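Trainee: Could you take me closely through one loop of this model, beginning with a single residue in it? Please then set that loop beside other parts of the chain and the protein as a whole.

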Amino acid sequence: LESQQARQCDQHMHGGKKLTTECKNVRAAASSLDLHDVSVTLPSQVSDNLYLRTVGELCEALLTPYISFNQDNVWKNIHLQGQQQQLSFNIKVHPEGKQLSMVVKSQSGEVEFKNVRIPTQFYGLLPLNIKDSQTTNIMQKLTSQKAPSTCAIEKSSVRTFDNVEYQYPLNDCEHVIFKDCSSASRVEVTGKVTSSSKTVKVTIDGQKYELEIPQRGQATVKVNGQRKNVVSQEDFQSRHQSVQQQDEFAEQEHNYYNDKNTFITSFEDGVYTIKSVLYGLSVNCDYERIEVQTYQHILRNRACGLCGDLNGEKVADVKSANECIMSSPKLAAYSYMIMDSSCQGIPSHDVQTYQQESQKCIKKETVITQIQKVFGVPSPVIKKHLVEEKNNKICISKQPVNVCASSSNPKEVEQMKVQYFCVSKDSEGSKLRRMAEMGEMLFQAKSYPSSYERQVAQPVQC
C-alpha cells in the first residue's frame, strides 16, 4: 500500500519539488534495509555458558506476548555439551520502524516473534538507512532530525535551515545563499539563475569553487578561476594509474584540489556536490535546485543569507544584511542580492517597501538578564520582632522590623516609631519571647493592647 507521505511526495514531484520533507522521507524509506538475515556461530565454550542460557531464557520470557509459534525451546537446548551452535536470525522491520518480527532458528528448533514493539527511543534507527552513513543516522536521531541542518531552494521557493518557507525566485543577479557573517568569514555560498544556466559559487577558506550548470549538457567546473577539463568516469578508471590531475574534473569521483578537506563530485542524475569535511558543509545542486547542508554547532547564529541564521528558531529567521527585521523574509532576502548594471535587480513593485523598511531598520534587541539579581546571595536584612524588658515585664514590638544578620553590619539606617506590648514573665511570656528571638512572626501580637511607643533605628541596607 502507498503511504500518505508517498502520495504527498508524488504531488510535490508533479510541482517540480524534490527536496520537501515528505520526499526525503520517502527516499530514505526506499533506501532502507527492512529484511535482515544474520547467522551466528557460538563456540562450545560460549554455548555451554550458564549465563548465556539465562540471558536467552530471560529474553524469551520478556518476549512471550509476541511468540506466535514455538516448535521447541531454542534457549534451553542451545547448550549441547562440547558442540558449537549455529543460530540464524531472520528479522523483518516495519517500514515506519515502530515494530519488527523475528524468527530465531537453531539445531534444536525455532521461535517466531511477531510485531514486537520497538521502544520510542530507537525510532528512526530502524530500518537501516544505507543512503546515509550510520553516524549521520544516529546524529539525526539524537538531534530530532536537525543535524545536519538543510536549506533548499527550488521552484521559486526557499526553505531555510530552521524550516521557514517563503517564495523567492532567484534571478540573474548573484545572491548570497549562505555565509559565515562573522568578522572572520570562512565559508560563503552564492548562486544566480539565467534562462540557460545556473551558477553556484562556494568559497571555503579563500578557495573558490564554481559550477555553471546548463539546462542541458555538461557543467563547467572552475577552481580559483581555472576551468577544469571534464573526464568521464570510464576514461578515468581505464587509466593504468587512476590518479587525478589538477587540471581535470573526473565525473562521479572525489576531486580534490588545493584544499584536501574539500572535494567536488557529480552523480548520474546530473547533481553536482561541493563538500567540505572540515566545516561539515555540503552544497548539492543541479539546474532546478540548490541544497545546502551544514551543522548548527559550527556557525550557529553567525550565518546569514537566503537560508537564514541557523539558530534553531523560526522567529526573525531571515534578517537583512544589516540585521534588520522586515515584514517578510522575501524583503529581507533582497538585501542579499548583489546587483550590477547587467542584472534585473529588485522587482519594481517591491522597491519602495524595501527601501522604507531598510531605512526604518527594526533590529532584534537582546536584553541581558542580571544573573546576580536572579541567583545572587540573599540579602542579609531580615525581619524580627524586637524584645526588651521594662518594669519587670517582657515587652515585644507589635510589628517586625528590619535587622541585620549576625554576620553583617548596617550600611544605612532609618528611624521609625514602633509600638510595644508587654506581658508577664510567666510561661506564656517566655514562649512569646523565644518565638520573637528565633525570628518567628507573632501574628497574635496585634491582639495585645499597646503598652508604649518609641523610636527605633532599623537598617535599610546591611
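**A loop and its surroundings**

Mentor: Once its neighbours within four places in sequence are left aside, Glu313 is in contact with Asp162 and Lys364. The model is a predicted one, and the values that follow should be read accordingly. Glu313 belongs to the loop between S24 and S25. A further comparison concerns Asn163: Glu313 and Asn163 are 150 residues apart in sequence, yet their C-alpha atoms are 8.9 Å apart in space. As for accessibility, Glu313 is classed as partly exposed because its relative accessible area is 40%, and the limits of that class are 20% and 50%.

The loop that holds Glu313 runs between strand S24 (303–304) and strand S25 (324–325), and Glu323 has its place there as well. The backbone of Glu323 deserves attention: its phi is positive, about 65°, although Glu323 is not a glycine. Most residues other than glycine have a negative phi. Glu323 counts as exposed because its relative accessibility is 52%, the cut-off for that class being over 50%.

A second positive phi occurs at Cys361, a residue other than glycine, where the angle is near 45°. Cys361 comes after helix H9 and is found in the loop between H9 and strand S27 (362–363). Its relative accessible area is 22%, so Cys361 is partly exposed; the limit for a buried residue is under 20%.

Helix H9 itself covers residues 348–360, and its buried residues are Asp350, Tyr354 and Glu357. An α-helix has 3.6 residues a turn, so residues three or four places apart point the same way. Helix H8 (329–334) is included in what covers the buried residues of H9.

Which class of burial does Ser282 fall into, and for what reason? Ser282 is buried because its relative accessible area is 6%. Ser282 lies in strand S22, which spans residues 281–285. Leaving out residues up to four places away in sequence, Ser282 touches Thr273, Ile274 and Lys275, and it also touches Glu291, Val292 and Gln293. The side chain of Ser282 is engaged too, in a polar contact of 3.4 Å with the side chain of Asn284.

Ser31 offers another buried serine, this one in a loop: it is found between helix H2 (21–30) and strand S1 (32–33). Ser31 is classed as buried because its relative accessible area is 17%, where the cut-off is under 20%. A polar atom of the Ser31 side chain lies 3.0 Å from the backbone oxygen of Arg27. Beyond its neighbours within four places in sequence, Ser31 is in contact with Leu128, Asn129, Ile130 and Lys131.

His94 occupies a further loop, the one between strand S4 (85–93) and strand S5 (99–106). With a relative accessible area of 33%, His94 is partly exposed. When residues up to four places away in sequence are not counted, His94 touches Gln99 and Pro127. Sequence separation and distance in space can be set side by side here as well: His94 and Thr194 are 100 residues apart along the chain, and their C-alpha atoms are separated by 45 Å. For Glu313 and Asn163, by comparison, the sequence separation is 150 residues and the C-alpha separation 8.9 Å.

The whole protein gives the setting for these details. It has 11 helices and 33 strands. Its radius of gyration is 37 Å, whereas a compact globule of 462 residues would have one near 23 Å. The C-alpha trace spans about 115 × 85 × 45 Å along its principal axes. Of the 462 residues, 39% are buried. Among contacts between residues at least 6 apart in sequence, 49% join residues at least 24 apart.

Surface and charge complete the account. The protein exposes about 27,200 Å², and carbon and sulfur atoms supply 50% of that area. There are 53 positive and 52 negative charges, and the mean positions of the two sets are 9 Å apart.

To return to the loop between S24 and S25, two of its residues have been described: Glu313, which is in contact with Asp162 and Lys364, and Glu323, with its positive phi of about 65°.

Notes:
Residues numbered from 1 in each chain as written. Predicted model: local features only at pLDDT ≥ 70, side-chain atom pairs only at ≥ 80, totals over all residues. Heavy atoms only, no water. Helix = DSSP H or I, 4+ residues; strand = E, 2+ residues; numbered from the N terminus. Rg over C-alpha atoms; globule rule 2.2 N^0.38 Å. Buried < 20%, exposed > 50% of the residue type's maximum accessible area, 1.4 Å probe, protein only. Contact = heavy atoms within 4.5 Å. Areas by Shrake-Rupley, 256 points an atom, 1.4 Å probe, with all protein chains shown as cover. Lys, Arg positive; Asp, Glu negative; His and termini not counted. Charge placed at Lys NZ, Arg CZ, Asp CG, Glu CD. Polar contact = N/O pair within 3.5 Å; in protein donor to acceptor, adjacent residues only side chain to side chain.
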